Amino acid sequence: MSTTAPDITTAALVISTAQAMVDKAIASLIAKGGPDANQTLAYDIAHVAAAVTTANSLLEYGAKGDLEGNITCAFTADMVHDLISRLIGREEMWGVNPADLSIAHGFVQTYRAPEFLASLADQSGPRHLADDFEMVQDTFRSFAGKVVAPHAEHVHRHNGDVPEEVIAGLAEIGAFGLSVPVEYDGFSDGGEGEYMASVIATEELSRASLGIGGSLITRPEILTRALVKGGTEAQKHEWLPKLASAEVMSAVAVTEPDYGSDVANLKTTAVEGKGPNGEAG
């Protein structure tokens, strides 16, 4: 295990500096016409912004112990490396000064050192989860290793279907009902806990296979949340129990030019005209 002492104070300063640079870059992006007019710039800023936000969220975790701190510092150093890689040569486009990150040089040198990263390779950071979530994580990690992983390579290489063993097994351990309210035969009691359980389950299944594990339970979750939020009681009673038990499997087929799968921003336009036989329509 690494003997390098974590420097959370410097990590926090580096993250704050990186966030300020992202904020300036976003302002520059807007001034230049926005994401549609500058898609490459928008793509890079989005990646960096996500990494900065993740690093910031790790600070609380990093304060819990030395191993947690070293994991946080390693991620923060990698975030800076990614930021600089995307920034160099495009400083004017970003509207920032790379010298602002000079404070991070020694930090990155320490926490991206190969020997330091190698020392973390076999270390599993403490999870610090509540007992219920520890159980969720252990259950789904075990299932992913025993049931999902043995099928992963074959399905990916041959574009195969998800084996029934995986679907039936996930249904048996309640994977499809994590977001379904208990009154509709699911396991959700509401609140932030249901989101945490879904994230943990998805993460553990994705360790074995994103395609036949992690993403498999996101599709029923998308439909479940849509029904819970906007469905009628008749629709909820009809479909939510079936989704929770995997009696029916949902699919998501959403992709549109300029919007991808951003359903909330899709727009429909109707234009009055004439039909094929000349009638108004």
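Helices are taken here as DSSP runs of H or I of at least four residues, numbered from the N terminus. On that basis, E221 and R225 both belong to helix α11, where they are four residues apart, about one turn of the helix. The model described is a predicted one. In it, E221 and R225 are joined by a salt bridge whose closest N and O atoms are 2.9 Å apart. The two partners differ in exposure class: E221 is buried, because its relative accessible area of 18% falls under the 20% limit, whereas R225, at 24%, counts as partly exposed.

E221 also takes part in the lining of an internal space. The whole structure contains one cavity of 30 Å³ or more, and the largest cavity holds about 70 Å³ of space. Its lining is made up of A175, F176, L178, S179, S198, T202, I217, P220, E221 and T224. Helices α9 (192-208) and α11 (218-230) each contribute at least two residues to this lining, and the largest share, three residues, is that of α11. Classified by character, the lining of the largest cavity comprises five nonpolar, four polar and one charged residues.

Open space was examined in the same model. The largest pocket has a volume of about 510 Å³. It is lined by 16 residues, of which R127, L129, Q137, E203 and E204 are the closest to the centre of the pocket. Two or more lining residues are given by each of α7 (131-158) and α9, with α9 giving the most, eight residues. The lining of the largest pocket divides into seven nonpolar, three polar and six charged residues.

Several of the residues closest to the centre of the pocket can be described further. L129 is located in the loop between α6 and α7 and is partly exposed, with a relative accessible area of 22%. The C-alpha atom of L129 is separated by 20 Å from that of G174, which is 45 residues away along the chain. R127 forms a salt bridge with D138, the closest N and O atoms being 2.9 Å apart. Since R127 lies in the loop between α6 and α7 and D138 in helix α7, the pair ties together parts that are 11 residues apart in sequence. R127 is partly exposed at 28% relative accessibility, and D138 is likewise partly exposed, at 41%. E204, in turn, meets R207 in a salt bridge with an N to O distance of 3.4 Å. Both residues lie in helix α9, three residues apart, about one turn of the helix. E204 is buried at 1% relative accessibility, while R207 is exposed at 57%.

These pairs belong to a wider set of charged contacts, as a search of the whole structure finds 12 salt bridges. Elsewhere in the chain, D44, D82, R86 and R90 are linked in a network of salt bridges.

Backbone geometry was considered next. Most residues other than glycine have a negative phi. H128, however, has a positive phi, near 55°. This residue is placed in the loop between α6 (114-120) and α7 and is partly exposed, with a relative accessible area of 43%. N159 also has a positive phi near 55°. Its position is in the loop between α7 and α8 (164-172), and N159 is exposed, with a relative accessible area of 70%. Within helix α7 itself, H151 is partly exposed, at a relative accessible area of 24%. The C-alpha atoms of H151 and V166 are 8.8 Å apart in space, the two residues being 15 apart in sequence.

At the surface, a nonpolar patch is formed by I222, V252, V254, Y259, V263 and L266, which together have about 460 Å² of accessible area. One of these residues, L266, lies in the segment after α12 (233-245). L266 is partly exposed at 33% relative accessibility, a value over the 30% that membership of a patch requires.

Definitions and conventions:
Residues numbered from 1 in each chain as written. Predicted model: local features only at pLDDT ≥ 70, side-chain atom pairs only at ≥ 80, totals over all residues. Heavy atoms only, no water. Patch = residues over 30% accessible without salt bridge, like charges linked within 9 Å, V, L, I, M, F, W, Y side chains within 5 Å. Areas by Shrake-Rupley, 256 points an atom, 1.4 Å probe, with all protein chains shown as cover. Salt bridge = Lys/Arg side-chain N within 4 Å of Asp/Glu carboxyl O. Buried < 20%, exposed > 50% of the residue type's maximum accessible area, 1.4 Å probe, protein only. 1 Å grid on protein atoms, 1.4 Å probe; cavity = no way out; pocket = protein on both sides within 12 Å on 5 of 7 lines; lining within 4 Å. Points joined across faces, edges and corners; volume = space filled by probe spheres on them. Nonpolar A, V, L, I, M, F, W, Y, C, P; charged D, E, K, R; others polar.
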